[in-house]
Amino acid sequence: MNASPYEGKSTADWEEITLELVDNHPLDMEHLKQVVLMSWEQILLTKIGPFQIGVDIFPSPQILGNFLHELIPLNLANQEPELWRREQETSDKDLVYIPDDGYSVEIKTSSNKDKIFGNRSFAQKSTAAKKSKSGYYLAVNFEKFQKGASSQSPKPKILKIRFGWIDEEDWHGQTAATGQAASLAPEVYAYKFIELY
């Protein structure tokens with residue numbers, strides 16, 4: 001899909017377009033939600049040598065996000081290897097739909113309770129992009145381990161799982177030249193995502 005499905009449409013039409021896009025996607029949304037939750041549980045059950053995450057090791061949000069980034073595609077590829085695979089080339093989305101790349105999915109995770117962020121390059125018009133910044137997105141928001149967490153601390157949880165479509169133009173860079181993040185406007189969250197959890 002090259003042209004945006006939202007092109008020339010008013011914001012009032014976005015929600016209906018999003019519902020249709022999600023409905024047409026080959027992933028079953030209930031199944032996707034379960035895979036995300038299962039991947040999170042796998043992280044919390046992981047041991048590195050004798051040390052267990054959430055008992056002895058309390059990874060930073062960046063590391064937790066990286067684990068989710070790896071495990072969601074791996075779990076889907078493990079269940080349906082003829083349909084799904086993880087990213088292999090720089091031009092690949094994070095989760096590749098083998099029969100039709102137009103349904104491949106970019107994964108964004110964040111320890112912010114509501115928002116997701118792209119790096120600064122997401123807001124820059126690209127002439128030779130490594131991969132398309134427009135398309136389907138899975139957004140996962142999670143709790144981070146509290147400072148000074150111990151084995152007695154409550155385990156962090158998944159807060160939100162959303163799925164939808166974002167266009168490259170939806171990403172806005174920080175105004176400061178040194179700003180490292182790109183963000184999305186409230187109407188993108190409201191009308192270009194559906195909430196799965």
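This passage describes the overall make-up of a predicted model and the salt bridges found in it.

The chain contains four helices and eleven strands. Of its 197 residues, 43% count as buried. The accessible surface of the chain amounts to about 10,800 Å², and carbon and sulfur atoms contribute 50% of that area. Among contacts between residues at least 6 apart in sequence, 67% join residues that are at least 24 apart.

A search of the whole structure identifies seven salt bridges. One of these is formed by Asp114 and Lys160, whose closest N and O atoms are 2.6 Å apart. The two residues come from distant parts of the chain, with 46 residues separating them in sequence. Asp114 is placed in the loop between β5 (105-110) and β6 (118-119), whereas Lys160 belongs to strand β8, which spans residues 158-166. Asp114 has a relative accessibility of 29% and is therefore classed as partly exposed, since this value lies between the limits of 20% for buried and 50% for exposed residues. The pair is also part of a network of salt bridges, in which Lys113, Asp114 and Lys160 are linked.

Lys192 takes part in salt bridges with two aspartate residues, Asp167 and Asp170. In the pair with Asp167, the closest N and O atoms are 2.9 Å apart. Asp167 lies in the loop between β8 and β9 (172-173), and Lys192 in the loop between α4 (186-191) and β11 (193-195), so this salt bridge ties together parts of the chain that are 25 residues apart in sequence. Asp167 and Lys192 are both buried.

In the pair formed by Lys192 and Asp170, the closest N and O atoms are 2.6 Å apart. This salt bridge likewise links distant parts of the chain, the two residues being 22 apart. Asp170 is situated in the loop between β8 and β9, and Lys192 in the loop between α4 and β11. The relative accessible area of Lys192 is 2%, which is under the 20% limit, and the residue therefore counts as buried. Asp170, at 9% relative accessibility, falls under that limit as well and is therefore also assigned to the buried class.

Taken together, the salt bridges of Lys192 join the loop between α4 and β11 to the loop between β8 and β9, through Asp167 and through Asp170.

Technical notes: Residues numbered from 1 in each chain as written. Predicted model: local features only at pLDDT ≥ 70, side-chain atom pairs only at ≥ 80, totals over all residues. Heavy atoms only, no water. Salt bridge = Lys/Arg side-chain N within 4 Å of Asp/Glu carboxyl O. Buried < 20%, exposed > 50% of the residue type's maximum accessible area, 1.4 Å probe, protein only. Contact = heavy atoms within 4.5 Å. Areas by Shrake-Rupley, 256 points an atom, 1.4 Å probe, with all protein chains shown as cover.
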